[in-house]
Amino acid sequence: MGPVGGRTGRVRTVHGDARTLPGVAPGSVALVVTSPPYPMIPQWDDLFRAAGATDFDGMHRWLDDAWRACRDALLPGGILAINIGDALRTTDGVFRLWPNHGRVTLACERLGLRPLPYVLWKKPTNRPNAFLGSGFDPPNAYVTLDCEFILLFANGARRSFPPKDPRRSASRYTKAERDRWFSQVWGDIRGARQTVDGRRTAAFPPEVPARLIRMFSVVGDTVLDPFAGTGTTLWEAARLGRDAIGIEIDPTLHAELARRARAPALG
Ligand SMILES: C[S@@+](CC[C@H](N)C(=O)[O-])C[C@H]1O[C@@H](n2cnc3c(N)ncnc32)[C@H](O)[C@@H]1O
């Protein structure tokens, strides 16, 4: 899909911290689409350790500050969409599941956000028979962790619009899109390239933020990604006629975001 209603959104990026959201006015954002560092996943251990967070709850207390800042940035009825996966890890000799999705849901609920039905994003696996456990003898095998969560929360009551609002009708989706997007399991999205210059990025496939942006915002809205990374949310928002703000703490990633946001043709 090309620019919507002839409009390409503006992208603004800030080198800063998701927990304070510098440059983001309170109540100015219609939709947050983001994927944070995941607690208990080794890729993010150094980042959490540098913040003094070494266990599951400490890592989540760090993330809670970002969810609070997102709540304050949202306009009434605005939506927070968080992509997160659970973790499997052995600590103190005990192997177990670390339910990141449950901990984030409770935190957001305590912040006064209204939980909505979530999406299970079934990631493609190149090992369809991947199986961890004990051969074919029960009972000690366990289920493959091949879904991530897209948790959804509303900031208070539903957003309201004037009758026949043209921004809303310019943002309409089709019945086929609605039937596919609003089903709870998304199994039809291919993975994204996960490295840039040899560094792991944990980037979204563009289809993930694109769907969320079309489901939960209208043309001309502002979309925020407080953990912007390679900027997938930002480029998709602009392409779909929404303005975007991206916050990123890594100076190298932020420099690349800022360079791309200044380029005449986004993306
Ligand atoms: C899972 S990645 C996001 C990937 C992104 N969705 C994409 O498509 O590229 C998380 C990002 O958050 C950034 N980050 C970590 N701590 C941060 C903080 N306190 N404030 C802002 N960004 C942070 C990391 O540098 C990383 O780029």
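**Close-up views of the ligand site and the sheet**

An oxygen atom of the ligand lies 2.6 Å from an N or O atom in the side chain of Glu 248. The model is predicted, with local features requiring pLDDT of at least 70 and side-chain atom pairs pLDDT 80 or more, whereas totals for chains, interfaces and linings use all residues. Residues are numbered from 1 along each chain as its sequence is written, and side-chain values rest on heavy atoms, with hydrogens and water left out.

**View 1. Polar contacts of the ligand (N or O atoms within 3.5 Å).** A polar side-chain atom of Thr 230 is 2.6 Å from an oxygen atom of the ligand, and a polar backbone atom of Ile 249 is 3.3 Å from a ligand nitrogen atom. The protein buries 97% of the 610 Å² that the ligand exposes when taken alone (Shrake-Rupley method, 1.4 Å probe).

**View 2. The shell around the ligand.** The ligand is surrounded by 24 residues, of which Ala 18, Phe 204, Thr 230, Thr 232 and Glu 248 are the closest (a heavy atom within 4 Å). This shell divides into 14 nonpolar, seven polar and three charged residues, with Gly counted as polar and Pro, Cys and Tyr among the nonpolar types.

**View 3. The open sheet and helix H3.** Eight strands (DSSP runs of at least two residues; helices, H or I, at least four) form an open sheet of mixed pairing in the order E1-E12-E11-E2-E3-E7-E6-E8, where pairing requires at least two DSSP bridges. Strands E1 (11–15) and E8 (185–186) are the edge strands, each pairing on one side only. Strand E3 (residues 74–84) runs antiparallel to strand E7 (residues 147–154) over six bridges, and Ile 82 has Leu 151 of E7 as its bridge partner. Helix H3 (residues 100–110) packs on the sheet, touching E3, E6 (114–122) and E7, and its direction makes about 5 degrees with that of E7; contact means heavy atoms within 4.5 Å, and angles run from 0 to 180 degrees between N-to-C directions of axes fitted to C-alpha atoms, for helices over the stretch in contact.

**View 4. Backbone features in two loops.** Pro 138 and Pro 139 are joined by a cis peptide bond with omega about 10 degrees, and Pro 139 lies in the loop between E6 and E7. Asp 92, in the loop between strands E4 (87–91) and E5 (94–98), has a positive phi near 50 degrees although the residue is not glycine.

Methods
Polar contact = N/O pair within 3.5 Å; in protein donor to acceptor, adjacent residues only side chain to side chain.
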